[in-house]
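Colleague: I would like to learn how to read the contact between two chains. Please take me through it one step at a time.

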Protein chains: 2
Amino acid sequence: MVTLHDFLPSGNGFKCRLMLRFLNRPFRLRLYDILKGETRTAEFLKTRNSNGRIPVLELEDGRCLPESGAILHYLAAGTPFLPEDPWDRAQVLRWMFFEQYNLEPTIAVRRFWLTEQEGGLTDLQEAQLPAKLEGGHAALKVLEGGLTGRDWLVGGGPTIADIALYGYTHVAPEGGYDLSAYPGIRAWISRLQQIPGYVPITQRDF
Amino acid sequence: MVTLHDFLPSGNGFKCRLMLRFLNRPFRLRLYDILKGETRTAEFLKTRNSNGRIPVLELEDGRCLPESGAILHYLAAGTPFLPEDPWDRAQVLRWMFFEQYNLEPTIAVRRFWLTEQEGGLTDLQEAQLPAKLEGGHAALKVLEGGLTGRDWLVGGGPTIADIALYGYTHVAPEGGYDLSAYPGIRAWISRLQQIPGYVPITQRDF
(Lines give C-alpha, C1' and ligand atoms only; values in the text may rest on other atoms or scores of the structure.)
Protein backbone atom coordinates (compact mmCIF):
# COMPACT_ATOMS: atom_id res chain seq x y z
CA MET A 1 0.00 0.00 0.00
CA VAL A 2 1.31 3.47 -0.83
CA THR A 3 1.68 6.21 1.78
CA LEU A 4 0.78 9.83 1.16
CA HIS A 5 2.77 12.31 3.23
CA ASP A 6 0.39 15.19 3.57
CA PHE A 7 -1.04 18.21 5.42
CA LEU A 8 -4.83 18.06 5.62
CA PRO A 9 -5.69 21.68 4.59
CA SER A 10 -3.33 21.49 1.58
CA GLY A 11 -5.10 21.64 -1.76
CA ASN A 12 -2.03 20.08 -3.36
CA GLY A 13 -2.26 17.14 -0.98
CA PHE A 14 -6.02 16.97 -1.47
CA LYS A 15 -5.57 16.52 -5.23
CA CYS A 16 -3.58 13.34 -4.56
CA ARG A 17 -6.10 12.10 -1.98
CA LEU A 18 -8.92 12.61 -4.51
CA MET A 19 -6.96 10.76 -7.21
CA LEU A 20 -6.37 7.78 -4.92
CA ARG A 21 -10.04 7.79 -3.90
CA PHE A 22 -11.31 8.07 -7.49
CA LEU A 23 -9.05 5.14 -8.45
CA ASN A 24 -10.38 3.24 -5.43
CA ARG A 25 -6.81 2.65 -4.37
CA PRO A 26 -6.17 2.17 -0.65
CA PHE A 27 -3.46 4.33 0.93
CA ARG A 28 -2.00 5.34 4.25
CA LEU A 29 -2.14 9.01 5.17
CA ARG A 30 0.72 10.39 7.22
CA LEU A 31 0.03 13.92 8.34
CA TYR A 32 2.55 16.66 9.16
CA ASP A 33 2.09 20.07 10.72
CA ILE A 34 3.85 22.27 8.20
CA LEU A 35 3.33 25.25 10.51
CA LYS A 36 5.65 23.57 13.01
CA GLY A 37 8.33 22.85 10.39
CA GLU A 38 7.69 19.11 10.39
CA THR A 39 8.52 18.90 6.65
CA ARG A 40 11.78 20.81 7.10
CA THR A 41 13.51 18.33 9.41
CA ALA A 42 16.81 16.82 8.30
CA GLU A 43 15.15 13.41 8.07
CA PHE A 44 12.26 14.62 5.92
CA LEU A 45 14.61 16.51 3.60
CA LYS A 46 16.82 13.45 3.24
CA THR A 47 14.24 10.69 2.91
CA ARG A 48 11.03 12.32 1.61
CA ASN A 49 11.58 15.54 -0.32
CA SER A 50 14.73 17.67 -0.52
CA ASN A 51 12.41 20.61 -1.20
CA GLY A 52 10.78 20.26 2.25
CA ARG A 53 7.17 20.14 1.10
CA ILE A 54 4.17 17.88 1.04
CA PRO A 55 2.55 16.07 -0.71
CA VAL A 56 4.98 13.19 -1.20
CA LEU A 57 3.87 9.79 -2.50
CA GLU A 58 5.83 6.93 -0.95
CA LEU A 59 5.69 3.65 -2.83
CA GLU A 60 5.64 0.23 -1.18
CA ASP A 61 9.42 -0.07 -1.69
CA GLY A 62 10.15 3.28 -0.04
CA ARG A 63 10.78 5.36 -3.17
CA CYS A 64 9.38 8.88 -2.77
CA LEU A 65 7.82 11.19 -5.34
CA PRO A 66 7.17 14.86 -4.54
CA GLU A 67 5.09 17.44 -6.48
CA SER A 68 1.34 16.96 -6.74
CA GLY A 69 1.39 17.25 -10.53
CA ALA A 70 3.96 14.49 -10.88
CA ILE A 71 2.05 12.33 -8.39
CA LEU A 72 -1.24 12.77 -10.27
CA HIS A 73 0.40 11.95 -13.60
CA TYR A 74 2.10 8.87 -12.14
CA LEU A 75 -1.04 7.52 -10.46
CA ALA A 76 -3.32 8.20 -13.44
CA ALA A 77 -1.15 6.53 -16.10
CA GLY A 78 -3.15 3.76 -17.76
CA THR A 79 -6.50 5.00 -16.39
CA PRO A 80 -9.17 7.22 -18.00
CA PHE A 81 -7.93 10.10 -15.85
CA LEU A 82 -4.92 10.46 -18.19
CA PRO A 83 -5.92 10.31 -21.88
CA GLU A 84 -3.77 8.31 -24.30
CA ASP A 85 -4.07 10.77 -27.18
CA PRO A 86 -0.88 12.90 -27.36
CA TRP A 87 -2.74 16.17 -27.97
CA ASP A 88 -5.17 15.52 -25.12
CA ARG A 89 -2.22 14.67 -22.87
CA ALA A 90 -0.59 17.93 -23.83
CA GLN A 91 -3.76 19.80 -22.91
CA VAL A 92 -3.87 18.05 -19.55
CA LEU A 93 -0.33 19.21 -18.77
CA ARG A 94 -1.08 22.68 -20.12
CA TRP A 95 -3.81 23.08 -17.49
CA MET A 96 -1.70 21.54 -14.73
CA PHE A 97 1.28 23.83 -15.34
CA PHE A 98 -1.08 26.80 -15.62
CA GLU A 99 -2.52 25.88 -12.23
CA GLN A 100 0.84 25.67 -10.50
CA TYR A 101 2.08 28.92 -12.02
CA ASN A 102 -0.99 31.16 -12.09
CA LEU A 103 -3.73 29.81 -9.86
CA GLU A 104 -1.94 28.19 -6.93
CA PRO A 105 0.48 31.07 -6.15
CA THR A 106 -2.41 33.51 -6.01
CA ILE A 107 -5.49 31.68 -4.69
CA ALA A 108 -3.75 29.11 -2.49
CA VAL A 109 -1.35 31.63 -1.04
CA ARG A 110 -4.09 34.13 -0.12
CA ARG A 111 -6.11 31.29 1.41
CA PHE A 112 -3.10 30.12 3.42
CA TRP A 113 -2.27 33.60 4.64
CA LEU A 114 -5.88 34.35 5.61
CA THR A 115 -6.88 31.01 7.14
CA GLU A 116 -3.83 28.96 8.15
CA GLN A 117 -0.95 31.25 8.98
CA GLU A 118 -0.58 31.96 12.65
CA GLY A 119 0.30 35.36 14.12
CA GLY A 120 -1.18 37.57 11.40
CA LEU A 121 0.30 38.80 8.14
CA THR A 122 3.63 40.52 7.63
CA ASP A 123 3.62 43.97 6.05
CA LEU A 124 4.99 42.48 2.83
CA GLN A 125 2.21 39.87 2.71
CA GLU A 126 -0.39 42.54 3.41
CA ALA A 127 0.98 44.61 0.55
CA GLN A 128 0.72 41.65 -1.85
CA LEU A 129 -2.95 40.86 -1.11
CA PRO A 130 -4.49 43.11 -3.82
CA ALA A 131 -2.18 41.83 -6.61
CA LYS A 132 -2.86 38.25 -5.55
CA LEU A 133 -6.60 38.91 -5.59
CA GLU A 134 -6.32 40.34 -9.09
CA GLY A 135 -4.03 37.55 -10.32
CA GLY A 136 -6.33 34.89 -8.91
CA HIS A 137 -9.34 36.37 -10.67
CA ALA A 138 -7.36 36.50 -13.91
CA ALA A 139 -6.64 32.78 -13.50
CA LEU A 140 -10.29 32.05 -12.69
CA LYS A 141 -11.31 33.84 -15.91
CA VAL A 142 -8.97 31.61 -17.93
CA LEU A 143 -10.41 28.55 -16.19
CA GLU A 144 -13.98 29.76 -16.79
CA GLY A 145 -13.11 30.14 -20.48
CA GLY A 146 -11.76 26.60 -20.56
CA LEU A 147 -15.03 25.28 -19.12
CA THR A 148 -17.42 27.27 -21.28
CA GLY A 149 -19.55 24.83 -23.24
CA ARG A 150 -17.67 21.89 -21.76
CA ASP A 151 -18.24 19.56 -18.81
CA TRP A 152 -14.53 18.84 -18.28
CA LEU A 153 -11.31 20.59 -19.23
CA VAL A 154 -9.99 17.93 -21.63
CA GLY A 155 -11.97 15.34 -23.60
CA GLY A 156 -15.32 13.95 -22.51
CA GLY A 157 -14.64 12.90 -18.93
CA PRO A 158 -12.77 14.00 -15.83
CA THR A 159 -8.96 13.93 -15.98
CA ILE A 160 -6.15 14.88 -13.66
CA ALA A 161 -6.40 18.37 -15.17
CA ASP A 162 -9.81 18.73 -13.51
CA ILE A 163 -8.52 17.32 -10.22
CA ALA A 164 -5.49 19.63 -10.29
CA LEU A 165 -7.55 22.74 -11.00
CA TYR A 166 -10.30 21.77 -8.55
CA GLY A 167 -7.95 21.46 -5.58
CA TYR A 168 -7.71 25.17 -4.78
CA THR A 169 -10.54 26.53 -6.94
CA HIS A 170 -13.25 24.95 -4.82
CA VAL A 171 -11.88 26.61 -1.68
CA ALA A 172 -11.10 29.94 -3.39
CA PRO A 173 -13.79 31.72 -1.30
CA GLU A 174 -11.60 31.01 1.77
CA GLY A 175 -9.00 33.23 0.10
CA GLY A 176 -11.55 35.98 -0.52
CA TYR A 177 -12.49 35.07 -4.09
CA ASP A 178 -16.18 35.40 -4.94
CA LEU A 179 -17.07 32.68 -7.45
CA SER A 180 -20.50 34.04 -8.34
CA ALA A 181 -19.23 35.52 -11.62
CA TYR A 182 -18.06 32.08 -12.81
CA PRO A 183 -21.09 29.89 -13.59
CA GLY A 184 -19.04 27.38 -15.58
CA ILE A 185 -16.67 26.87 -12.65
CA ARG A 186 -19.52 26.51 -10.16
CA ALA A 187 -21.28 23.86 -12.26
CA TRP A 188 -17.97 22.02 -12.77
CA ILE A 189 -17.30 22.03 -9.01
CA SER A 190 -20.69 20.35 -8.43
CA ARG A 191 -19.97 17.90 -11.22
CA LEU A 192 -16.61 16.88 -9.79
CA GLN A 193 -18.16 16.32 -6.38
CA GLN A 194 -20.42 13.68 -7.95
CA ILE A 195 -17.49 11.46 -8.97
CA PRO A 196 -17.70 8.21 -6.93
CA GLY A 197 -15.21 8.29 -4.08
CA TYR A 198 -15.30 12.05 -3.56
CA VAL A 199 -14.42 13.22 -0.05
CA PRO A 200 -14.13 16.73 1.37
CA ILE A 201 -10.69 18.31 1.83
CA THR A 202 -11.06 18.16 5.61
CA GLN A 203 -11.67 14.41 5.79
CA ARG A 204 -8.97 12.67 7.77
CA ASP A 205 -10.12 9.04 7.80
CA PHE A 206 -10.64 6.79 4.82
CA MET B 1 6.50 23.23 -39.95
CA VAL B 2 5.54 24.28 -36.43
CA THR B 3 5.61 27.91 -35.27
CA LEU B 4 6.85 28.98 -31.87
CA HIS B 5 5.26 32.18 -30.58
CA ASP B 6 7.95 33.59 -28.36
CA PHE B 7 9.81 36.48 -26.72
CA LEU B 8 13.56 36.20 -27.18
CA PRO B 9 14.75 36.91 -23.59
CA SER B 10 12.19 34.45 -22.14
CA GLY B 11 13.75 31.40 -20.52
CA ASN B 12 10.44 29.59 -20.91
CA GLY B 13 10.50 30.25 -24.64
CA PHE B 14 14.19 29.35 -24.80
CA LYS B 15 13.46 25.90 -23.34
CA CYS B 16 11.19 25.19 -26.33
CA ARG B 17 13.72 26.58 -28.81
CA LEU B 18 16.41 24.32 -27.33
CA MET B 19 14.11 21.29 -27.52
CA LEU B 20 13.34 21.94 -31.20
CA ARG B 21 17.05 22.45 -31.91
CA PHE B 22 18.11 19.30 -30.01
CA LEU B 23 15.50 17.32 -31.97
CA ASN B 24 16.81 18.91 -35.17
CA ARG B 25 13.27 19.95 -35.97
CA PRO B 26 12.81 23.04 -38.14
CA PHE B 27 10.46 25.73 -36.85
CA ARG B 28 9.32 29.27 -37.45
CA LEU B 29 9.92 31.79 -34.70
CA ARG B 30 7.35 34.54 -34.30
CA LEU B 31 8.49 37.11 -31.80
CA TYR B 32 6.32 39.40 -29.65
CA ASP B 33 7.22 42.33 -27.45
CA ILE B 34 5.56 41.34 -24.20
CA LEU B 35 6.53 44.74 -22.75
CA LYS B 36 4.21 46.37 -25.28
CA GLY B 37 1.31 44.03 -24.48
CA GLU B 38 1.56 42.18 -27.78
CA THR B 39 0.47 38.91 -26.13
CA ARG B 40 -2.55 40.55 -24.47
CA THR B 41 -4.36 41.58 -27.64
CA ALA B 42 -7.88 40.24 -28.23
CA GLU B 43 -6.59 38.26 -31.19
CA PHE B 44 -3.72 36.64 -29.28
CA LEU B 45 -6.03 35.76 -26.36
CA LYS B 46 -8.54 34.20 -28.71
CA THR B 47 -6.29 32.35 -31.15
CA ARG B 48 -3.01 31.65 -29.28
CA ASN B 49 -3.36 31.54 -25.49
CA SER B 50 -6.26 32.72 -23.35
CA ASN B 51 -3.70 33.26 -20.60
CA GLY B 52 -1.90 35.95 -22.66
CA ARG B 53 1.58 34.50 -22.43
CA ILE B 54 4.32 33.05 -24.57
CA PRO B 55 5.62 30.49 -25.41
CA VAL B 56 2.89 28.96 -27.54
CA LEU B 57 3.55 26.10 -29.95
CA GLU B 58 1.40 26.30 -33.08
CA LEU B 59 1.07 23.08 -35.06
CA GLU B 60 0.88 22.92 -38.84
CA ASP B 61 -2.93 22.72 -38.63
CA GLY B 62 -3.21 25.83 -36.44
CA ARG B 63 -3.83 24.15 -33.08
CA CYS B 64 -2.03 26.01 -30.28
CA LEU B 65 -0.40 24.69 -27.12
CA PRO B 66 0.70 27.06 -24.32
CA GLU B 67 2.90 26.37 -21.26
CA SER B 68 6.56 25.52 -21.80
CA GLY B 69 6.30 22.34 -19.71
CA ALA B 70 3.42 21.01 -21.80
CA ILE B 71 5.25 21.96 -25.01
CA LEU B 72 8.45 20.19 -23.94
CA HIS B 73 6.52 17.05 -22.94
CA TYR B 74 4.60 17.03 -26.23
CA LEU B 75 7.68 17.54 -28.41
CA ALA B 76 9.83 15.03 -26.52
CA ALA B 77 7.34 12.12 -26.57
CA GLY B 78 8.91 9.15 -28.31
CA THR B 79 12.46 10.57 -28.10
CA PRO B 80 15.24 9.93 -25.56
CA PHE B 81 14.45 13.33 -24.00
CA LEU B 82 11.36 11.77 -22.37
CA PRO B 83 12.10 8.36 -20.79
CA GLU B 84 9.60 5.52 -21.24
CA ASP B 85 10.00 4.14 -17.72
CA PRO B 86 7.05 5.32 -15.56
CA TRP B 87 9.19 6.15 -12.52
CA ASP B 88 11.72 8.07 -14.62
CA ARG B 89 8.84 9.94 -16.27
CA ALA B 90 7.50 10.82 -12.84
CA GLN B 91 10.90 12.20 -11.85
CA VAL B 92 11.03 14.29 -15.01
CA LEU B 93 7.70 15.89 -14.15
CA ARG B 94 8.71 16.27 -10.53
CA TRP B 95 11.64 18.48 -11.61
CA MET B 96 9.56 20.38 -14.15
CA PHE B 97 6.82 21.25 -11.67
CA PHE B 98 9.45 22.17 -9.08
CA GLU B 99 10.99 24.54 -11.61
CA GLN B 100 7.74 26.31 -12.41
CA TYR B 101 6.76 26.64 -8.77
CA ASN B 102 10.04 27.32 -6.96
CA LEU B 103 12.77 28.34 -9.39
CA GLU B 104 10.99 30.33 -12.12
CA PRO B 105 8.94 32.62 -9.82
CA THR B 106 12.09 33.61 -7.93
CA ILE B 107 15.02 33.56 -10.36
CA ALA B 108 13.16 34.44 -13.55
CA VAL B 109 11.12 37.17 -11.90
CA ARG B 110 14.17 38.86 -10.34
CA ARG B 111 15.97 38.63 -13.68
CA PHE B 112 12.99 40.15 -15.48
CA TRP B 113 12.62 42.97 -12.98
CA LEU B 114 16.32 43.78 -13.01
CA THR B 115 17.07 43.44 -16.73
CA GLU B 116 13.90 43.68 -18.83
CA GLN B 117 11.32 45.78 -17.06
CA GLU B 118 11.26 49.38 -18.18
CA GLY B 119 10.81 52.34 -15.85
CA GLY B 120 12.36 50.88 -12.70
CA LEU B 121 10.82 48.77 -9.95
CA THR B 122 7.65 49.48 -8.02
CA ASP B 123 7.93 49.73 -4.23
CA LEU B 124 6.21 46.35 -3.89
CA GLN B 125 8.68 44.73 -6.29
CA GLU B 126 11.60 46.33 -4.47
CA ALA B 127 10.27 44.95 -1.17
CA GLN B 128 10.08 41.43 -2.62
CA LEU B 129 13.67 41.31 -3.90
CA PRO B 130 15.25 39.85 -0.72
CA ALA B 131 12.67 37.05 -0.36
CA LYS B 132 13.04 36.20 -4.04
CA LEU B 133 16.81 36.09 -3.68
CA GLU B 134 16.47 33.73 -0.72
CA GLY B 135 13.83 31.59 -2.43
CA GLY B 136 15.92 31.31 -5.57
CA HIS B 137 18.96 30.16 -3.63
CA ALA B 138 16.79 27.60 -1.82
CA ALA B 139 15.72 26.28 -5.23
CA LEU B 140 19.32 26.24 -6.48
CA LYS B 141 20.31 24.17 -3.43
CA VAL B 142 17.63 21.59 -4.26
CA LEU B 143 18.85 21.51 -7.87
CA GLU B 144 22.49 21.18 -6.75
CA GLY B 145 21.43 18.23 -4.58
CA GLY B 146 19.72 16.63 -7.56
CA LEU B 147 22.90 16.91 -9.61
CA THR B 148 25.35 15.72 -6.97
CA GLY B 149 27.08 12.62 -8.29
CA ARG B 150 24.99 12.73 -11.47
CA ASP B 151 25.50 14.13 -14.96
CA TRP B 152 21.77 14.65 -15.62
CA LEU B 153 18.69 14.99 -13.41
CA VAL B 154 16.97 11.76 -14.50
CA GLY B 155 18.54 8.62 -15.94
CA GLY B 156 21.79 8.54 -17.89
CA GLY B 157 21.21 11.25 -20.46
CA PRO B 158 19.67 14.67 -20.90
CA THR B 159 15.88 14.89 -20.65
CA ILE B 160 13.32 17.68 -20.76
CA ALA B 161 13.86 17.99 -17.00
CA ASP B 162 17.39 19.26 -17.69
CA ILE B 163 16.16 21.60 -20.43
CA ALA B 164 13.41 22.96 -18.18
CA LEU B 165 15.75 23.60 -15.25
CA TYR B 166 18.50 24.98 -17.45
CA GLY B 167 16.31 27.69 -19.01
CA TYR B 168 16.53 30.15 -16.14
CA THR B 169 19.35 28.63 -14.08
CA HIS B 170 22.02 29.43 -16.66
CA VAL B 171 21.02 33.11 -16.63
CA ALA B 172 20.50 33.28 -12.85
CA PRO B 173 23.47 35.67 -12.47
CA GLU B 174 21.42 38.25 -14.44
CA GLY B 175 18.97 38.12 -11.53
CA GLY B 176 21.74 38.61 -8.99
CA TYR B 177 22.36 34.96 -8.12
CA ASP B 178 25.99 33.99 -7.67
CA LEU B 179 26.44 30.41 -8.88
CA SER B 180 29.95 29.92 -7.48
CA ALA B 181 28.62 27.88 -4.53
CA TYR B 182 27.03 25.34 -6.89
CA PRO B 183 29.76 23.29 -8.62
CA GLY B 184 27.32 20.59 -9.73
CA ILE B 185 25.11 23.15 -11.43
CA ARG B 186 28.05 24.86 -13.13
CA ALA B 187 29.39 21.57 -14.55
CA TRP B 188 25.87 20.61 -15.71
CA ILE B 189 25.46 23.97 -17.46
CA SER B 190 28.67 23.31 -19.41
CA ARG B 191 27.51 19.78 -20.18
CA LEU B 192 24.16 20.91 -21.54
CA GLN B 193 25.85 23.47 -23.77
CA GLN B 194 27.72 20.60 -25.46
CA ILE B 195 24.52 18.96 -26.74
CA PRO B 196 24.51 19.18 -30.56
CA GLY B 197 22.21 21.98 -31.72
CA TYR B 198 22.75 24.20 -28.68
CA VAL B 199 22.21 27.92 -29.29
CA PRO B 200 22.39 30.86 -26.89
CA ILE B 201 19.18 32.37 -25.51
CA THR B 202 19.76 35.56 -27.49
CA GLN B 203 19.98 33.87 -30.88
CA ARG B 204 17.22 35.07 -33.19
CA ASP B 205 18.01 33.28 -36.45
CA PHE B 206 18.10 29.54 -37.02
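Modeller: This is a predicted model. In general, the size of an interface is often given as the accessible area lost when the parts come together. Here we go by residues in contact: 25 residues of chain B meet 25 residues of chain A.

Colleague: Which elements of chain B supply at least two residues of the side that touches chain A?

Modeller: Strand 4 (64-66), helix 3 (68-76), helix 4 (86-116) and helix 5 (123-147) of chain B each do so. The largest share comes from helix 4 of chain B, with ten residues.

Colleague: How many residues of that side of chain B are nonpolar, polar or charged?

Modeller: By class, 15 are nonpolar, eight are polar and two are charged.

Colleague: How do I read the relation between the copies?

Modeller: Two copies of a chain are related by a rotation about an axis and a shift along it. In this model, a turn of 180° and a shift of 0.0 Å along the axis lay chain B on chain A with an RMSD of 0.0 Å. The relation is therefore that of a two-fold axis.

Colleague: Which C-alpha of chain B is nearest the axis?

Modeller: That of Tyr101(B), 3.1 Å from the axis. Both copies use the same surface, as 100% of the contact residues of chain B recur in chain A.

Colleague: What about the largest nonpolar core: how many residues does it have?

Modeller: It has 102 residues, and Met19, Ile160 and Ala161 of both chains A and B are those with the most contacts inside it. Leaving aside neighbours within four places in sequence, Ala161(B) is in contact with Val92(B), Trp95(B), Met96(B), Leu153(B) and Val154(B).

Definitions and conventions:
Residues numbered from 1 in each chain as written. Chains lettered and ligands numbered in written order. Predicted model: local features only at pLDDT ≥ 70, side-chain atom pairs only at ≥ 80, totals over all residues. Core = buried A, V, L, I, M, F, W, Y, C linked by C-beta atoms within 7 Å. Buried ≥ 20, exposed ≤ 12 C-beta atoms within 10 Å, placed from the backbone. Contact = placed C-beta atoms within 7 Å. Helix = DSSP H or I, 4+ residues; strand = E, 2+ residues; numbered from the N terminus. Nonpolar A, V, L, I, M, F, W, Y, C, P; charged D, E, K, R; others polar. Least-squares fit on C-alpha atoms with pLDDT ≥ 70 in both.
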